[in-house]
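Here's a quick briefing on how this chain is put together. Have a look at the model first, then read on.

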Amino acid sequence: LQNAELGKRAPRWIRDNEVTMCMKCKEPFNALTRRRHHCRACGHVVCWKCSDYKAHLEYDGNKLNKVCKDCYHVIIGCTDSEEKKKKGILEIESAEVSGNSVICSFLQYMEKSKPWQKAWCVIPKQEALVLYMYGAPQDVKALATIPLLGYTVDDTPRSADLPHSFKLTQSKSVHSFAADNEELKQKWLKVIHLAVKGETPECQNELQVN
């Protein structure tokens, strides 16, 4: 919702399973982090610390509702004194880059000898040579980024790998990925083969894969 609509219209609720961290302070949710809360103004999933505010919401008959810090400041009309800090490279919201990406989808990811894990992977249009990895599609901070330029692509899976896998290697750094099917793997490879050479796709048609 735009700032002007906060509290006037009911927000779309982000589902709990769409995030792995608080959408405000980026604290990861885990067994120790207490329950996830929803801001009743913007619908974001936040931790208990970030939901400790209340404001009267017009769409709910001006009743007092639990809101996050950002919405609280907007609704009561006081601007947050902290200027928005310049976002670090990882602090680009997944939804922001996924909506304007060359390609994005879930891929399985493996680093060194760690087990395979599912990651939401995105190559944004404005940085078509960088692969961003998120825990979930609505996360507000990337877990990692891989600058693709100069990597070697190996798309022949070893017996121990998942069937539709490929590797990116550069000196001692090896990143293994696996798609759910061959078609998805080929879409990723098409973009990655260009990126490792410093090129971006001619057709900026979004290869949005759900």
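Contacts here mean heavy atoms within 4.5 Å, and among those in the chain with a separation of 6 or more, 50% are between residues 24 or more positions apart. Bear in mind that this is a predicted model, where local features need pLDDT of at least 70, side-chain atom pairs count only at pLDDT 80 or more, and totals for chains, interfaces and linings use all residues. Numbering runs from 1 along each chain as its sequence is written, and side-chain values use heavy atoms, with hydrogens and water left out.

**Overall**
- The chain has three helices and 12 strands (DSSP runs: H or I of at least four residues, E of at least two, numbered from the N terminus).
- Of its 210 residues, 39% are buried (under 20% relative accessible area, 1.4 Å probe, protein chains only).

**Cores**
- A nonpolar core is a set of buried Ala, Val, Leu, Ile, Met, Phe, Trp, Tyr and Cys residues joined through side-chain atoms within 4.5 Å.
- The largest one holds 25 residues, and Cys121, Ile123, Leu131, Leu148, Phe177, Trp188 and Ile192 touch the most other members.
- β5, β6, β7, β10 and α3 each chip in at least two residues, with α3 giving the largest share, six.
- A second, separate core of 20 residues includes Ile14, Val19, Cys47 and Cys71.
- Leaving aside neighbours within four places in sequence, Cys121 contacts residues including Ile103, Leu131, Phe177 and Trp188.

**Helix α3**
- α3 covers residues 182–195, and its buried residues include Leu184, Trp188 and Ile192.
- At the N-terminal end, Asn181 acts as the cap, with a side-chain oxygen 3.2 Å from the backbone nitrogen of Glu183.

Note on methods: Expected span 1.5 Å × (residues − 1). Buried < 20%, exposed > 50% of the residue type's maximum accessible area, 1.4 Å probe, protein only. Polar contact = N/O pair within 3.5 Å; in protein donor to acceptor, adjacent residues only side chain to side chain.
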